[in-house]
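Reader: I'd like a close look at one part of this protein, the nonpolar patch on its surface. Could you walk me through that, and then put it in the setting of the whole chain?

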Amino acid sequence: MTGPTAGRTDTATHRLPAWRAPAATRSNAVPAGAWWLWALGLATAASRTTNPLLLGLLVGVAGYVVAARRTDAPWARSYGMFIRIGLFVIAVRLLFSVFLGSPIPGTHTLFTLPELPLPDWARGVRIGGRVTAEQLLFALYDGAKLAALLICVGAANSLANPARLLKSLPGALYEAGVAVVVAMTFAPNMVADVLRLRTARRLRGRPTGGVRAVLQIGLPVLEGALERSVAVAASMDARGYGRTARVPAAVRHTTNVLTLGGLLGVCAGTYGLLAAEGAGYGVPLLVAGLLAAMAGLRLGGARSVRTRYRPDRWGVRAWLIAGSGAAVAAAMVWAGNADPAALHPGVVPLTAPVLPLWPAAAVLLGLAPAVIAPVPPSPTGFQEQV
């Protein structure tokens with residue numbers, strides 16, 4: 001486009017404020033590990049509270065960042081699926097509470113179901129019976145916590161490039177990482193193929209619903225998935241995938257001990273952080289486990305002879321993104337120890353949950369990637385001028 005309009009557009013583009021995030025390119029892309037650390041920080045914060053207002057705020061923060069910084073890649077479309085899974089989890093938790101009962105006492109009876117008599121050995125378990133508002137509210141809080149955790153993990157799946165995540169894995173985990181990445185990318189690519197074939201059938205005037213249409217679409221989808229698998233296998237074989245170097249037996253045994261012991265320490269430390277009574281020993285075990293696991297993975301990487309092309313660089317933006325998620329998790333853990341009643345509203349008696357101000361302000365730190373991360377290109381190839 002030529003003329004005065006083009007000149008004004010170029011001038012406006014060059015006069016963007018200096019504090020604006022740059023356009024995303026291959027060189028300044030955020031490492032996948034930074035997105036996962038940010039999302040895991042939000043998920044840790046969600047696991048520490050049952051306050052529906054804080055959980056809704058965490059989900060809103062994750063959704064806003066995804067909407068602002070996701071691309072049009074196939075894996076970026078998985079966030080909606082995680083939201084539906086979260087709603088399904090809440091519905092299942094409520095159904096279990098209705099039909100299997102709950103230990104939560106309540107005085108506000110909503111309805112009564114026929115109760116199935118059980119033998120003496122099943123004492124303490126009931127099917128049916130009285131359903132109270134208190135038990136349903138407790139089930140809703142509990143299901144919302146798990147749903148928020150899943151949605152936060154879904155945000156990482158939508159923002160992190162699985163191929164770049166594979167490049168960042170240590171050499172000792174490369175074989176397992178390939179299987180995980182292939183599994184993560186198969187479903188989004190299959191969904192994209194289904195959408196493409198349905199659009200093509202619609203343009204040709206053919207039906208897109210019904211059993212016959214599904215059978216006609218399914219065969220090309222499976223054929224495309226098989227072709228991609230064969231192409232990936234051929235490219236990996238051509239690049240010498242699977243070759244390993246010889247290492248002494250003592251190094252292998254030391255690697256196994258450090259890796260397994262470190263992972264066990266990480267699991268125990270994570271459980272301590274998630275459990276309210278284990279916050280004292282959780283941090284030391286987690287740190288010790290991480291150090292042992294990192295040492296084991298470094299030794300295990302000695303048998304891998306692969307090289308890295310254009311490794312991800314952790315710049316200031318990546319550290320700020322990962323640090324914002326860690327700050328949200330640390331603030332929520334500290335709030336759970338300082339004021340547990342604010343993070344876990346009671347249901348007996350029935351009271352409306354209250355939004356604690358400073359934990360809510362700490363959750364808003366998770367919005368930092370929406371400002372810090374580079375702006376992805378729009379589907380038309382132009383940046384939106386806001």
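Author: Here's the patch, followed by the chain around it and a few side chains elsewhere.

Keep in mind that this is a predicted model. The nonpolar surface patch is formed by Leu-95, Phe-96, Phe-99, Leu-100, Leu-116, Leu-118, Val-125 and Ile-127. Together these residues have about 720 Å² of accessible area. The biggest giver is helix H4, which spans residues 79-100 and puts in four residues.

Let's zoom in on that helix. Leu-95, one of the patch members, sits in H4. With a relative accessibility of 47%, Leu-95 counts as partly exposed, because the partly exposed class runs from 20% to 50%. Now look at Ser-97, which lies in helix H4 as well. Ser-97 has a relative accessible area of 1%, so this serine is buried. What does Ser-97 touch, leaving aside its neighbours within four places in sequence? The contacts are Ser-102, Gln-135, Leu-136 and Ala-139. So helix H4 holds a partly exposed leucine at Leu-95 and a buried serine at Ser-97.

Stepping back to the whole thing, the protein chain has 14 helices and two strands. Of its 386 residues, 35% are buried. If you take the contacts with a separation of 6 or more, 77% of them link residues 24 or more positions apart. The chain exposes about 22900 Å², and carbon and sulfur atoms supply 68% of that.

Since you're probably curious about rings, the structure holds three aromatic pairs. One of them is Trp-314 with Trp-319, a tilted pair at 5.0 Å centre to centre, with 50° between the planes. The tilted label fits because 50° falls between the 30 and 60 degree cut-offs. How accessible are the two partners? Trp-314 is partly exposed at 33% relative accessibility, while Trp-319 comes out as exposed, with a relative accessible area of 55%.

Last stop, the cysteines. A disulfide is a covalent bond between the sulfur atoms of two cysteines. How many disulfides does a search of the whole structure find? It finds zero. Two cysteines are still worth clicking on. Cys-152 is buried, because its relative accessible area is 0%. Cys-267 is exposed, because its relative accessible area is 52%.

Definitions and conventions: Residues numbered from 1 in each chain as written. Predicted model: local features only at pLDDT ≥ 70, side-chain atom pairs only at ≥ 80, totals over all residues. Heavy atoms only, no water. Patch = residues over 30% accessible without salt bridge, like charges linked within 9 Å, V, L, I, M, F, W, Y side chains within 5 Å. Areas by Shrake-Rupley, 256 points an atom, 1.4 Å probe, with all protein chains shown as cover. Salt bridge = Lys/Arg side-chain N within 4 Å of Asp/Glu carboxyl O. Buried < 20%, exposed > 50% of the residue type's maximum accessible area, 1.4 Å probe, protein only. Contact = heavy atoms within 4.5 Å. Phe/Tyr/Trp six-rings, centres within 6.5 Å; stacked < 30°, edge-to-face > 60°. Disulfide = S-S within 2.5 Å.
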